[in-house]
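Here is a short report for a reader new to this structure. Have the sequence and the model side by side as you read.

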Amino acid sequence: MLVLGIESSAHTFGVGVVGAGRVMSNEKAMFPISDKGLIPSKVAETHVKNAPTVVQAALDAAGVRLSEVEGIGYTRGPGLGPCLQVGELTAKSLAQKLAVPIAQVNHGVAHIEVTRLLTKMRDPLALYVSGGNSQILKATAEPFRHYAILGETFDIGVGNMFDNFARGIGLNPAWGSTVGKMASGGNYVKLPYTVKGMDFAFTGLLTNAIKLAATERKEDLCYSIQETAFSMLCEATERAMFLTKSTELCVCGGVAQSRRLKEMLKSIANEHRIKFGACADEYNADNGAMIAVVAERMLKKGMGSMVSECGIEQRYRVDRAVIV
Amino acid sequence: MLLKERTKKDYRISELDESIRSSRTKTEARILYGVAKAGVNAPRLVAVTQFGIYMTEVEGNLLRDIAMKPSYFPGIGRQLALMHNANIVHGDFTPANIISSGGSFYIIDFGLAEFENGEEEKAIDLLLMKRSIDRRCYQKFVAGYSKHAKDAKGVLLRLEEVEKRGRYQSRTLS
């Protein structure tokens with residue numbers, strides 16, 4: 001089945017084409033970075049401008065015509081309302097025009113599922129880390145097979161913390177990678193470390209690190225905040241691994257692009273002799289291909305919706321979406 | 001006797017690693033002494049080194065690895081209540097850290113425990129257990145806890161708040 005997937009939950013408008021469980025294209029346009037962060041309505045405006053071009057680019061890259069598309073998928077949530085609406089509208093108008101069904105996909109599920117597909121894992125423990133999310137998840141048994149949240153952040157997502165920290169000490173945030181780049185060559189400064197079982201919290205670490213900017217070198221703080229935050233995530237993940245006796249571990253989401261985080265998780269996996277995997281960066285950053293992957297499976301199972309049934313849900317929590 | 005040594009974790013840098021290991025060893029030793037005084041079923045402290053604690057060994061099976069019956073849980077709730085009454089929170093209170101031994105239940109691994117009187121931290125102990133067991137077991141657990149804990153009411157109210165705080169948690173679902 002040839003399915004086109006649309007992702008627009010935050011700063012990225014992405015479109016991917018999938019056929020028979022294989023990713024055929026993955027195109028995207030991102031809202032330009034600034035020191036002000038994301039203003040949802042402005043981001044949505046940019047998405048509206050980019051939508052037609054990105055859809056066409058994804059079709060061209062896959063080498064298919066629009067009329068050949070047999071189903072549409074889009075991100076129902078979670079995400080920023082105005083941004084989600086652009087994806088929903090694009091999906092609905094394409095589906096209307098083609099007279100094909102629509103699948104309403106959960107963003108978090110899509111991140112894990114594309115990783116599972118591309119790393120060929122069966123039932124991994126997943127660390128999902130991005131700007132807005134930081135969760136440790138594992139699939140439950142039938143019926144209502146879904147990703148249960150074993151641990152999560154009590155306040156903000158780890159990516160959001162890095163961006164806020166970068167702004168707080170006067171650096172230009174560039175999609176979270178600023179702190180990572182500054183971190184190399186720094187020295188360790190002691191910062192708060194908050195893990196409660198398999199949950200964690202980042203705001204204490206954030207405020208403390210910003211305060212210390214008055215006396216410490218920026219490089220040292222970047223190094224220390226990254227090491228501390230990733231160590232917290234690793235500790236919680238390792239604990240979840242013991243509890244669930246998982247034999248596979250994967251990391252996904254925007255922050256999974258960090259080489260340092262992958263290196264640390266791989267070290268845990270090696271120590272316990274379990275499999276570790278992560279996708280290429282283009283599938284960890286928000287993208288349309290991951291939505292198409294899940295949408296194709298949903299549509300094959302008859303879980304499509306009609307245009308009038310579609311909607312968005314800013315707080316569409318990952319554990320409420322069934323996995324197919 | 002058992003030696004619990006905090007081993008080096010290769011994934012984290014040595015400064016952070018050593019600071020976490022030594023401060024947790026120190027706290028854990030104090031906690032073991034504290035839970036013994038509070039009458040909690042737990043390993044007894046024998047001696048402490050920089051990264052290691054010698055303690056008595058508890059023989060038995062992890063609760064995680066046996067069939068969990070609701071009838072086990074009032075007693076487990078009481079154990080947690082005794083700890084909380086002594087202002088100690090466990091920090092990782094799951095079936096993976098409870099040993100069933102000769103009809104009683106022993107709490108182990110105080111590696112994340114702290115001296116803490118806050119409802120927040122106490123509520124998180126309950127939350128971790130709630131997430132790890134089924135509803136019938138949890139009801140018995142809460143019953144046992146409420147019967148013996150000094151401020152059970154406040155902790156349970158706080159638990160409701162903590163649960164609502166999760167990312168994208170629907171505010172209308174209970």
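## Two cis prolines in chain A

A:Pro143 sits in a loop of chain A, between strand S7 (134-139) and strand S8 (147-152). The bond that leads into this proline is cis: it joins A:Glu142 and A:Pro143, and its omega is about -10 degrees. The model is a predicted one.

A second cis bond runs from A:Gly77 to A:Pro78. Here omega is near -5 degrees. A:Pro78 also belongs to a loop, the one between S4 and helix H2 (81-98) of chain A.

## Strand S1 of chain A and its partners

Strand S1 of chain A covers residues 2-7. Is it enclosed or open? Five of its six residues are buried, so the strand is largely enclosed by the rest of the structure.

S1(A) has a partner in strand S2 (residues 12-19) of chain A. The two run antiparallel, and six bridges join them. One pairing to look for is A:Glu7, whose bridge partner in S2(A) is A:Gly14. The connection from S1(A) to S2(A) is a hairpin of four residues.

Strand S4 (residues 71-77) of chain A is also joined to S1(A), by four bridges. These two strands run parallel. Within this pair, A:Leu4 stands opposite A:Ile72 of S4(A).

## Positive phi in two loops

Which residue of chain A, other than glycine, has a phi near 55 degrees, a positive value? It is A:Lys120. This lysine lies in the loop between helix H3 (107-118) and strand S6 (125-129) of chain A. A:Lys120 has 9 other C-beta atoms within 10 Å; exposed residues are those with 12 or fewer, so it counts as exposed.

Chain B offers a case in B:Asp109, not a glycine, with a positive phi near 55 degrees. Its loop runs between strand S7 (104-107) and strand S8 (114-115) of chain B. B:Asp109 has 19 C-beta neighbours inside 10 Å. Burial takes 20 or more, so B:Asp109 is partly exposed.

## The build of chain B

Chain B holds five helices and eight strands. Read from the N terminus, their order is β-α-β-β-β-α-β-β-β-β-α-α-α. The radius of gyration of chain B is 17 Å. The globule rule gives 16 Å for 174 residues, a close value, so chain B is as compact as a globular protein of that length.

The C-alpha trace of chain B spans about 45 × 40 × 30 Å along its principal axes. Of the 174 residues in chain B, 37% are buried. Take the contacts in chain B with a separation of 6 or more: 74% of them link residues 24 or more positions apart.

## Where chain B meets chain A

How many residues of chain B are in contact with chain A? There are 21, and they touch 24 residues of chain A. On the chain B side, two elements give two or more residues each: helix H1 (14-38) and helix H3 (119-132). H1(B) supplies the largest share, four residues.

The chain B side that touches chain A is mixed in character. Nine of its residues are nonpolar, six are polar and six are charged.

Terms used
Residues numbered from 1 in each chain as written. Chains lettered and ligands numbered in written order. Predicted model: local features only at pLDDT ≥ 70, side-chain atom pairs only at ≥ 80, totals over all residues. Contact = placed C-beta atoms within 7 Å. Nonpolar A, V, L, I, M, F, W, Y, C, P; charged D, E, K, R; others polar. Rg over C-alpha atoms; globule rule 2.2 N^0.38 Å. Pairing = 2+ DSSP bridges.
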